[in-house]
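Hi,

Here is the structure I promised to pass on. Have a look at it first, and then read my notes below.

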Amino acid sequence: MMFLAVTEIHGRTFGTWTLLTCTLCLLCARNLHNKPLYLATLLSFVYALGHFGMEYLIFHTMSTKNVLTVTFFAGTYFLEFLFIFYNEVAIRVRIRRGKPY
């Protein structure tokens, strides 16, 4: 079995993304109704999926195991944030129409 070595730059990139995402998630949790912050948090997961997807599909610098791990975490949180955003918009639409429940 061949293992791909993780270069220092890849390790720092992943570490920086993890720190940035954790910071955005904490800020978003404290300010749930701040739309720009919520969008920035949501987009950080989109960028992560895009970055690591390109590393795997185009540059072939990641193993399948590593891509699946990143996809599991980033994809799960992306879907969660998308679901919450959708529900928030749906609630606002119902309130505007005079049907809050």
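Leu 24 touches Leu 37, Ala 40, Thr 41 and Ser 44, leaving out residues up to four places away in sequence. Before I go on, please keep in mind that this is a predicted model. Leu 24 belongs to helix 1, and it is buried because its relative accessible area is 14%, under the 20% cut-off. Another pairing to look at is Leu 24 with Tyr 38: they are 14 residues apart along the chain, and their C-alpha atoms are separated by 8.3 Å.

Ser 44, one of the residues that Leu 24 touches, sits in helix 2, which runs over residues 35-57. Is Ser 44 buried or exposed? Its relative accessibility is 6%, so Ser 44 counts as buried. Apart from neighbours within four places in sequence, Ser 44 is in contact with Trp 17, Thr 21 and Leu 24. Those three residues are also among the buried residues of helix 1, a list that is completed by Cys 28.

That brings me to helix 1 itself. It covers residues 8-30, which is 23 residues, and it reaches 33 Å from its first C-alpha to its last, close to the 33 Å expected at 1.5 Å a residue. What do its buried residues pack against? The answer is helix 2 and helix 3.

Helix 3 (64-96) has 33 residues and reaches 46 Å between its first and last C-alpha, close to the 48 Å expected at 1.5 Å a residue. Its buried residues are Val 67, Val 70, Ala 74, Gly 75, Phe 81 and Ala 90. These pack against helix 1 and helix 2. Just after helix 3 comes Gly 98, with a positive phi of about 85°.

Helix 3 also holds a charged pair. How many salt bridges does a search of the whole structure find? It finds one, in which the side chains of Glu 88 and Arg 92 meet at 3.1 Å, N to O. As background, side chains of opposite charge can pair when their charged atoms come close. Glu 88 and Arg 92 are four residues apart in helix 3, so about one helical turn separates them. The general point is that an α-helix has 3.6 residues a turn, so residues three or four places apart point the same way. With a relative accessibility of 29%, Glu 88 counts as partly exposed, and Arg 92, at 29%, counts as partly exposed too.

Next, the loop between helix 2 and helix 3. Ile 58 lies there, and so does His 60. Ile 58 is exposed because its relative accessible area is 54%, over the 50% cut-off. Ile 58 is part of a nonpolar surface patch with Met 54, Leu 57 and Phe 59, and together the four have about 440 Å² of accessible area. His 60 is exposed as well, with a relative accessible area of 57%. What is the phi of His 60? It is near 55°, a positive value in a residue other than glycine.

Finally, the overall picture. The protein has three helices and zero strands, and its pattern along the sequence is α-α-α. The C-alpha trace spans about 60 × 20 × 20 Å along the principal axes. The radius of gyration is 17 Å, whereas a compact globule of 101 residues would have one near 13 Å. Of the 101 residues, 20% are buried. Among contacts with a separation of 6 or more, 59% are between residues 24 or more positions apart. The protein exposes about 7,900 Å², and carbon and sulfur atoms supply 72% of that area.

If you would like a starting point in the viewer, I would suggest Leu 24 and its contacts with Leu 37, Ala 40, Thr 41 and Ser 44, then the Glu 88 and Arg 92 salt bridge, and then the patch of Met 54, Leu 57, Ile 58 and Phe 59.

Best wishes

Terms used
Residues are numbered from 1 along each chain as its sequence is written. This is a predicted model: local features need pLDDT of at least 70, side-chain atom pairs count only at pLDDT 80 or more; totals for chains, interfaces and linings use all residues. Side-chain values use heavy atoms; hydrogens and water are left out. Helices (H or I, at least four residues) and strands (E, at least two) are DSSP runs, numbered from the N terminus. Buried means under 20% relative accessible area, exposed over 50%, partly exposed in between (1.4 Å probe, protein chains only). Contact means heavy atoms within 4.5 Å. Patches are made of residues with over 30% relative accessible area and no salt bridge: like charges are joined within 9 Å, nonpolar side chains (Val, Leu, Ile, Met, Phe, Trp, Tyr) within 5 Å. Accessible areas come from the Shrake-Rupley method with a 1.4 Å probe; for residues, only the protein chains shown count as cover. The expected span of a helix is 1.5 Å times one less than its number of residues. The radius of gyration is taken over C-alpha atoms; the globule rule is 2.2 Å times the number of residues to the power 0.38.
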